[in-house]
Amino acid sequence: MAVGEAGPGSVRRGPQPKRLEEAMRVRLGRECVYVPSCRFGLYVALRHWCPPGGRVLMSPVNDDVIFFVVLAAGLRPVQAPLNPLDASIDLDAVPEETWRSVSAVLTTNLYGNPDPAPRLRQKCDALGIPLFEDAAHAIGSRVGDRPVGAWGEASAFSLSKHVGAKAGGMLSLADPGLREAVEKTCAGLLVPRRAGSELAYAVRPFAEAAVRGLRLRRAAWAAIRLLGLADREEIRMPLRPDELARAEPRAPGLEAHHSWVRVDMHDYRQEPGALRLRRIGHKLDRLDDVLDACRAGTELLLSTPWAKPRDAYGTQPLFRVPLFVADRDAAIAALAQRGIVVGYLYDPPLDDYAGAEFTDPSPAPEAARWFARHALPVDPLRARTVVEVLERSGARPVEAPGELPGSRPTPGGLG
């Protein structure tokens with residue numbers, strides 16, 4: 001497990017992390033360890049189960065940060081073919097030679113819609129390889145007879161998404177006997193908390209409320225860019241291939257890939273302070289109300305002409321609902337005029353973004369390209385306003401690519 005990275009010191013666990021861990025343990029029915037971010041938890045899991053040089057099957061429609069987490073763990077990303085309607089891994093389209101070559105599978109559960117975890121679990125068991133679940137978007141979703149996050153050897157959750165705490169994560173473990181070892185590895189990878197970072201976290205909600213109240217969004221973003229705090233200008237961060245090639249021999253280890261892994265969350269591996277933990281706890285206490293509201297908004301959005309078949313998404317409390325419009329840029333602009341920012345876009349797919357030097361491309365890339373190009377991920381908590389804006393703007397639905405392989409939805413992720 002992350003040999004040479006875990007410090008020799010004892011693991012200190014205060015009462016607040018334990019309370020958060022117990023709340024998630026009740027939800028998932030498995031052991032949970034608090035981590036400062038989902039990406040940090042995934043790195044710990046990959047380092048524990050996968051020897052350097054292994055190959056990880058993953059989705060090309062995914063956050064580029066997760067791609068760099070895989071590289072930082074000393075592993076080779078292998079891009080999977082996808083179902084174009086929900087961007088879940090299409091097991092049947094993965095070539096047998098690819099299955100025989102990979103040493104792990106990493107799900108995405110994009111926007112909260114589950115990957116086919118029951119079938120992936122069976123496949124991984126047959127191959128004798130671990131299944132990891134990236135559940136950052138899926139804290140309230142279910143697949144088969146279990147919650148998302150209760151199928152893999154390890155699962156990583158974000159407490160920044162549905163919980164809305166803008167910090168924190170959880171690493172769940174199928175084997176409770178691994179808890180102490182995982183805690184020790186986590187402790188050895190954390191960096192000390194900084195007073196300035198904790199202060200910024202403390203005042204951020206008030207600053208954001210002021211920006212909303214004064215309608216200063218554009219001015220705020222301009223200030224962020226002027227101060228050099230904006231990590232990306234486009235959907236994907238700059239790849240910097242020459243630097244990335246030089247970093248590769250230094251993996252596994254976070255230091256060589258830190259400048260990529262830190263993007264959008266500079267404190268991803270920082271030891272949490274008491275105020276941060278208390279705020280996360282308060283937010284987590286209200287999670288069920290948020291999930292109920294997300295389900296209601298999801299139901300409304302799935303009833304619109306821009307949605308794809310409902311059985312592709314079911315009644316999950318989606319973090320974002322992908323609508324499919326012919327002119328996504330125009331729809332984004334119309335929503336921006338009402339103060340609705342569209343985020344969590346993953347275009348182009350990772351194999352097109354990184355190229356064959358850094359990843360194995362998907363054998364059937366068109367479905368991922370279509371999804372990445374046309375999906376408009378909408379916050380279900382703003383569902384009514386979004387529907388109103390799209391209707392007034394005359395946004396047209398885009399037809400599903402019936403000729404693409406894997407174009408039939410996978411209800412509930414069961415295949």
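Is the crossing of α2 and α3 left-handed or right-handed? The crossing is right-handed, and the legends below start from that helix pair. Please keep in mind throughout that this is a predicted model.

**Figure 1. Helices α2 and α3 pack side by side at about 30 degrees.** Helix α2 covers residues 38-49, and its axis runs 9 Å from that of α3. Angles under 35 degrees count as roughly parallel, so α2 is roughly parallel to α3. To find the contact, look on α2 for Arg-39, Leu-42, Tyr-43 and Leu-46. Their partners on α3 are Val-65, Ile-66, Val-69, Val-70 and Ala-72. As the opening answer said, α2 and α3 cross in a right-handed way.

**Figure 2. Phe-68 takes part in two aromatic pairs, one with Phe-67 and one with Trp-260.** A pair of aromatic rings is described by the distance of the centres and the angle of the planes. For Phe-67 and Phe-68, the centres are 5.3 Å apart and the planes stand at 75 degrees, an edge-to-face arrangement. Phe-68 and Trp-260 are stacked instead, with 5.7 Å between the centres and 20 degrees between the planes. Phe-68 belongs to helix α3 (residues 64-72) and Trp-260 to helix α10 (residues 258-261), so this pair ties together parts that lie 192 residues apart in sequence. Phe-67 and Phe-68 are both buried; the relative accessible area of Phe-68 is 0%. Trp-260 is buried too, at 2% relative accessibility.

**Figure 3. Five aromatic residues gather in one cluster.** Its members are Tyr-111, Phe-324, Tyr-346, Trp-370 and Phe-371. Across the model, the count of aromatic pairs comes to nine.

**Figure 4. Two arginines sit over aromatic faces, Arg-146 over Trp-151 and Arg-236 over Tyr-353.** In the view of Trp-151, Arg-146 is 3.8 Å from the ring centre. In the view of Tyr-353, the distance from Arg-236 to the ring centre is 5.6 Å.

**Figure 5. Helices α13 and α16 cross at about 120 degrees.** Helix α13 spans residues 328-337 and helix α16 residues 383-393, with 10 Å between their axes. The two helices are therefore oblique to each other, and their crossing is right-handed. On the α13 side the contact involves Ala-331, Ala-334 and Leu-335. Facing them from α16 are Val-386, Val-389, Leu-390 and Ser-393.

**Figure 6. Gly-140 sits in the loop between β5 and β6.** Strand β5 covers 131-134 and strand β6 covers 142-143. With a relative accessible area of 15%, Gly-140 is buried. Setting aside neighbours within four places in sequence, Gly-140 is in contact with Leu-291, Arg-295 and Pro-317. Arg-27 is 113 residues from Gly-140 in sequence, while their C-alpha atoms are 8.8 Å apart in space.

**Figure 7. Arg-76 belongs to strand β3.** This strand covers residues 76-79. Arg-76 is partly exposed, at 22% relative accessible area. If residues up to four places away in sequence are not counted, Arg-76 touches Gly-54, Arg-55, Val-56 and Val-70, among others. The list of touching residues also includes Ala-356, Glu-357, Phe-358, Thr-359 and Asp-360. Ser-103 is 27 residues from Arg-76 in sequence and 9.8 Å away in space, C-alpha to C-alpha.

**Figure 8. Two cis peptide bonds precede prolines, at Pro-252 and at Pro-348.** Most residues other than glycine have a negative phi, and most peptide bonds are trans. The bond joining Ala-251 and Pro-252 is cis, with omega about 5 degrees. Pro-252 is in the loop between α9 (241-247) and α10. For the cis bond that joins Asp-347 and Pro-348, omega is likewise about 5 degrees. Pro-348 is found in the loop between α13 and α14 (350-354).

**Figure 9. Ala-87 and Tyr-344 each have a positive phi without being a glycine.** For Ala-87, phi is about 60 degrees. This residue lies in the loop between β3 and α4 (96-101) and is buried, at 2% relative accessibility. Tyr-344 also has a phi of about 60 degrees. Its place is in the loop between α13 and α14, where Tyr-344 is partly exposed at 31% relative accessibility.

Notes: Residues are numbered from 1 along each chain as its sequence is written. This is a predicted model: local features need pLDDT of at least 70, side-chain atom pairs count only at pLDDT 80 or more; totals for chains, interfaces and linings use all residues. Side-chain values use heavy atoms; hydrogens and water are left out. Rings of Phe, Tyr and Trp (its six-membered ring) pair if their centres lie within 6.5 Å; planes under 30 degrees apart count as stacked, over 60 as edge-to-face and the rest as tilted. Buried means under 20% relative accessible area, exposed over 50%, partly exposed in between (1.4 Å probe, protein chains only). Helices (H or I, at least four residues) and strands (E, at least two) are DSSP runs, numbered from the N terminus. A charge sits over a ring if NZ of Lys or CZ of Arg is within 6 Å of the ring centre and within 35 degrees of the ring normal. Axes are lines fitted to C-alpha atoms, for helices over the stretch in contact, and angles run from 0 to 180 degrees between N-to-C directions. Angles under 35 degrees count as roughly parallel, over 145 as roughly antiparallel, 65 to 115 as roughly perpendicular and the rest as oblique. A crossing is left-handed if the near helix is turned anticlockwise from the far one by less than a right angle, and right-handed if clockwise. Contact means heavy atoms within 4.5 Å.
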